[in-house]
Each structure stands twice: as C-alpha cells, then as structure tokens.
Amino acid sequence: MSEIDIELENKEIVKRYKALLRSCNSDITREDKGLIRKAFNLAVIAHQDVRRKSGEPYIFHPIAVAQIVAKDIGLGATSIACALLHDVVEDTDYTLDDMEKMFNPKIRQIIDGLTKISGLAEQDISIQAENFRKMLLTLSDDIRVILIKLADRLHNMQTLDSMARHKQQKIGSETLYIYAPLAHRLGLYSIKTELEDLGLKYTEPEIYRDIVQQLNETKKARVQYIQRFTKPIKERLKSNGLKCSIKGRPKSIFSICKKIKSQGVSFDEVYDKFAVRIIIESEIGNEKSDCWKVYSLITDNYRPNPDRLRDWISTPKANGYESLHTTVMGPIGKWVEVQIRTKRMDEVAEKGYAAHWKYKQKGVTKEGNLEEWVNQIRELLENPETNAVDFLEEFKLNLFSKEIFVFTPNGDLRTLPKGASVLDFAFDIHSQLGATCLGCKVNGRLVPLSHKLISGDQVEVITSKNQKPKKAWLNFVISAKAKNKIKSSLKDAKKAIAEEGKEILERKLKHLKLSFSDSVINELCSYFKYKNSLDLFFDVGSGVLTNSMLKEFVVNKNSWYQYLKSKIYRKTNKQKEQKEEVKYDTLVFGPTEEKLDFTYSKCCTPIPGDSVFGFTTIREGIKIHRHDCPNAVRLQSNFAYRILKAKWIDSNNKESIALLNIKGIDRVGLVNEVTQILSTNLKVNIQSINISSLDGIFDGLITVVIEDKQSLDSVIKTLKKAEGITSVKRKFKSR
Ligand code: MN
C-alpha cells in the first residue's frame, strides 16, 4: 500500500471519529470527551495494521459500533468508550488488567462481558443457541454489555458482504434467531428491523431480492396514494395549529416475507394495506389530548374501523412503547393504518428506553441515570408481572432463572441449577475432577468447595491426587450427578475398608478360638445390632469395633447363643449384584429431548448407540449422521441452523419424558399455578414449557420428566382439578 493511501485513510479515520463525537449527546462533558478520546487513541494503536475482510482498516469497525451505541441507542461516554475498545482484549495483546489500569473497573467489567460473549459465539450456535440466549439475559451484571453487543452485531451485519457464503448463512441465522428478538425485547425497534432485514438478506437471498424488487416497482404508486391520503389531513392539522410530520411507513422486508410465508398470501395482498405515521410536536402535559385531537380530525375525513383502535398512550406497552393506532378507510376503498404519536413517543419507539429515560430526566443523560434505566430493563427482564399482556412471554424467561450459566477457563458455557456450588461445577465437568477437587478459583479468586456460583462466573477447578470425596460434601452439592457420584464413591471407600476389616476380623476370631463362619458372623451382627456384615466389617476395619468389645462378645456368647437358638433370625441376604447392561434403543432430539421421526443417512449408516446428530433435510425430514461422518463438518459449518442435537436413550430407563398438552380458560396466575402443582406438589421436573394464549384460551405444551405411567396418570389427574383447566392430554410429538 502506498503512502498516499495511508494518509487518506488516516484522514478518513479522523473524519469518522469526529462524526462519532457529533453523535454524542449535546450535554456531554469535557471529562466524557477525554474518556472517549483516550479509548479511541488506544483502539487506533491496538488495531493498527489490522484490516477487516473488506480491506478496510480495522478501526473503522469499533468507530462504527461506537456510533451506533451513541446515536441509535443513545448511550453515554462509558458505553461509547467500551464500544471503541470492544475488540481490543479479544484481538490484541492488551489484557483486562490493562483496561482497569488505563480506564476503570467498570470499563473492565463491560469489556470482560463482551469478550465472554464473543468466545461463546465461536461455538456451534445451532446447538448452543438456546443457552446463548438465556445467557445473554442472565449473564450481564450490566445490560450495557448486551446493548454494545447488539451494536457490534448490527455493524457486522451491515458489512457482511465480504464474508464467505457459509459464514453469512451462519451469522445471518444467529442474528434472526438471537439478536433481533433481543433488540425487540429491549424496545430497540429500528435496530431490530434492520437486523431482521439483513438477516433475511443473507439467509434467504432470493426471497429478499424478490421482495426488494417488488417494493421498488410499486414504490411510485404507493407514494402517490399516501400523498393523496395525507393531503387533506395535513391541511386540517395545520389549520388547527398542530405542527406535524407525516411518514408513509414502509413495512420491513422481513415482515413482508413473514406475512407471505405464514398467511400464504402474495406480495400484492400484503401490500394492499397502507400505513402512515403522524408525528406531532407537543408539550409533555398536552401529549395525550393532542394525539386524540389528531385522531378526531382524521376520523372526520376518513371512517375508522372501531375494532382496530389501540390506545398505547393511556396504557403504554411494557417495553415503554406509546402510540395511538387506528385503521381508517382511505380513498378508493383501501384500509390505511394510522399511527399517531408525539415526537418524544416516536423517539422512544425507535430508540427504546434510552430515549424514554432522556425525556423523563429532561435531557440529563449522565451515566448515573443510565444506571437507573439499566435497572429498569433488568426489572423488565426479570419481573414477570410488569404487564399482564406480556405476562406469559415474560414468564417463560423467568423459568430460566432456575438455572445459572457459568464458564470454564476456556470460555465454554455450562448450565447448572440455581444454587449450585463450585463442587457441582467440578462434578459436572467430570466425575474424576469432582472427586479430587480441592477448591476452585472463581473469577480468579480462590473459594471453598461450598461456594455458590452465580451466572457469569468463570470457574477453574483445583485438584489434588490425595483428595477424596467426603460425607460432608453432600451438604453443599445440589445436582443429582454430584450427589450420586459422591455417594457411590463413599460406598466404594466403605467397601475397601470393609474388605480390610473382614481380614482383621478373621484373624481376631482365630485368636479367640472362634471360626470365621456364617453363623458366627450372624451372631456378631445380632449382638452388635448391625444390619449386615458389610457394616460389621467396616467398623472392624475402621477400628470402631475394638478387641475388648469382641472379648465381651465371647464372654456373653454362650448365654447369648442359647437365647438366639430360640429365635429365628434372618440371614443377611447378599445383595444381588445388579449389573445392568446399558441399552440404547430410542433417539431423542434437541434440548427438550423430543422423539421425532428420522431416517438413517446412507453416507455413514449409523447404528443405535453411535454418537450422532440430526440434519433437517428439505424433502426427507430429519436424517441422522454420525459425528465422524465424512460429510459432518461440511453440514455443520454450512448449515449450522439445520443441525439438531441427538441423543440415544434407553426407553426402559426409569426417567422418561412426557409431553402434556394443557388447555383451559386463561386467567392471571394460571401458568404459575400449573408449574406450582408440578414442581411443588407432585415434585415433577419440568423440562420445557411452551404456552400460548389466544382470546382467553390457554394452550400449553409442557415437557415433564417422569418415572412411570402411574405417576404420569396422577400428574394428569391433579392438573385436571385445577380451576380453569379443561383438558390435559398426553401428546407424543410437539409438532
Ligand atoms: Mn466487533
């Protein structure tokens, strides 16, 4: 590259940086500017000489991300600085400690969160997707991590053209699956829409291009119609002293595509309905009455459809959305959807809570206030009862709070039950790791085995060869795996000691001139009140049953013997060694372990028990391939979104999965009651829950882990008794 190019590039970098500063809030302080400048300088140095796939200097990317953070999301200086630095720790030699030294602990924390999420994205997303989404919602101490990550993703999507096709596909599906819904939840509508459109562009390029083309072809006619519609309204609003701007509101490409697909209609039919947005200037105190005034003026001209009136001003949506919606009959008999809102409401709708907060605080958007709206969002994400409308959806999220998400030192994600200790973590990784666990480092700090983990912790297990499971460990593990492993290893230890004890006893009995026979052992058990010989041998081996006690037995033996003779006593039954063969005869798919129809692929001909995955084909349903199939890597990388996790299970296994379809009359608290009945009264584990509510009818699919048919029947019986539930049926497939 020649000198001149570099000079030009440096100028361009400065230009973009200045544009970034202009996007910041007007009340930004000198101190804030200093922080942003410092972050910018470091980012420039750190990414020096690195280029993106497109050939651009790398620094363009963090600047663009910071720009989105400042302008589209409306965050303050700390977030802008973090956006500038977001790839520094991950991609260069700078460390988190450097960030703390050069900036402050908060910046370190946010960048740490961003780096962790990146690490996660490296994994096969189709399998990790659900975990990923859950984690995003629970990991971050600071919601800014998520907001900056969204900005990062948006810019990556905007510049996805230079990536390889299979990467476009993977990143595109991730975006549609995870990031767009997340943006939606946070009320970032314009970002959500852009993410969806770009996601579609790279996952289904033909459909995308088709819709874009049709949009262009019909544009002129649409603009003309909207003009005809709005002209009389504009005049009336003006003569009534209302300042406004009217936008024809094009539907997003993604939403058109969704409609075409879900309703089986043509492009023309989707576009038959027009939509306009009227944005008025209004003082805070007059907003509501001004909006209704506009409504009244419009409906003087056009007849409204009373069924389509939505007043989100009197009762805003849970994510802060405010607007007045109506549908009126426009010229030439076409329905037109009209959204009426003030400038402030419009900004809230586009930017989400950031804008909301800004207006509440009359233009003050210091990071301190940000802290508060961050908490608001957190509450929104955590509190299921923010708004009855969103209750069901919120509830689903709330279920996740029964789990925590923690990281291994390599950045792998593990899911553990809430309340899990570091010891649970160690056993979760590997039983040997658990058995020899001495302690753990959580986020670099040494903690005892009983230390309880929280979401986002990074855990390193410290082991010692001499460590052995202790009985006390059972007090601070909660996962079934850890409990079972500890118990069985305690049992093993007991057996070893008992084995030794047996030999010791044999010698001692010989000394006391007694034979080591079954009858003598049985007498000993009865005399010392042991349940079985194992306990007896164990106590001999561990020195609890001493020599003097044995001598005492011999002294009393004869009288004791007479007594015993008159009694019938049970021989201790040798426990049958149950060595059950592991049998795999059923294949289940996905995180909910569903039984689905599948066929065996011809390329690797798997057999039951093989490590396999499912691949959704277009014509032949799910095919299973072995993980070591020659085609596996290609399928997994090019079509990650079609991969289904698959697992062989033993259908005779005690615990199996049952799918229940519950229907009834919806009422507040019903979902909660159903889960209460299942988890508290019946002690049944819920594996997944999927509930929809339409016009007061509640329809839920719940996957429960159950032991046998009998307990399933009692679950169904109990659920049926709950008020409002009309039917509970067992289903065999969720689709
Ligand atoms: Mn990035």
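In this predicted model, strands β5 and β6 (residues 335-342) run antiparallel and are joined by six bridges. Val328 has Val336 in β6 as its bridge partner. The two strands form a hairpin, with five residues between them. Within that turn, Ile332 has a positive phi of about 45°.

Strand β5 spans residues 324-329. The strand is mostly covered, with five of its six residues buried. Two short strands also pair with β5. Strand β3 (residues 303-304) does so in the antiparallel sense, over two bridges. Here Arg303 stands opposite Met329 of β5. Strand β4 (residues 310-311) likewise runs antiparallel to β5 and is joined to it by two bridges. In this pair, Asp311 faces Leu324 of β5 as its opposite residue. Strands of a sheet pair through backbone hydrogen bonds, in either a parallel or an antiparallel sense.

A manganese ion is bound by four protein donors: His61 (NE2), His86 (NE2), Asp87 (OD) and Asp152 (OD). These donors lie 2.2 to 2.4 Å from the metal. Along the chain they follow the spacing H-x24-H-D-x64-D. His86 and Asp87 are both buried.

Further along the chain, three strands form an open sheet in the order β10-β9-β11, with antiparallel pairing. Strands β10 (445-447) and β11 (459-463) each have a single partner strand, so one side of each is left without a neighbour in the sheet. Neighbouring strands of this sheet are turned by 30° against each other on average, direction ignored. Strand β9 covers residues 437-442 and pairs with β11 over five bridges, in the antiparallel sense. One of the residue pairs is Gly439 with its bridge partner Ile462 in β11.

Helices α23 (residues 518-528) and α24 (residues 533-541) approach each other, their axes coming within 10 Å. The axes cross at roughly 80°. Angles of 65 to 115 degrees count as roughly perpendicular, and α23 and α24 are therefore roughly perpendicular to each other. On the α23 side, the contact uses Ile521, Leu524 and Cys525. These meet Ser533, Leu536 and Phe537 in α24. By class, the contact comprises five nonpolar residues, one polar residue and no charged residues.

A five-strand open sheet has the order β12-β16-β14-β15-β13. Its pairing is mixed. The edges are taken by β12 (586-589) and β13 (598-600), each with a single partner strand, so one side of each lacks a neighbour in the sheet. From one strand to the next, the twist averages 35°. Strand β13 pairs with strand β15 (residues 621-626) in the parallel sense, over three bridges. Within this part of the sheet, Phe598 stands opposite Ile622 of β15.

Over the whole chain, there are 28 helices and 20 strands. The chain has 735 residues, of which 45% are buried. Long-range contacts were also counted. Among contacts between residues at least 6 apart in sequence, 66% join residues at least 24 apart.

Conventions:
Residues numbered from 1 in each chain as written. Predicted model: local features only at pLDDT ≥ 70, side-chain atom pairs only at ≥ 80, totals over all residues. Heavy atoms only, no water. Donors = N, O, S within 2.8 Å, 3.2 Å for Na, K, Ca; no water. Buried < 20%, exposed > 50% of the residue type's maximum accessible area, 1.4 Å probe, protein only. Pairing = 2+ DSSP bridges. Helix = DSSP H or I, 4+ residues; strand = E, 2+ residues; numbered from the N terminus. Axes fitted to C-alpha atoms, helices over the stretch in contact; angles between N-to-C directions. Parallel < 35°, antiparallel > 145°, perpendicular 65-115°, else oblique. Contact = heavy atoms within 4.5 Å. Nonpolar A, V, L, I, M, F, W, Y, C, P; charged D, E, K, R; others polar.
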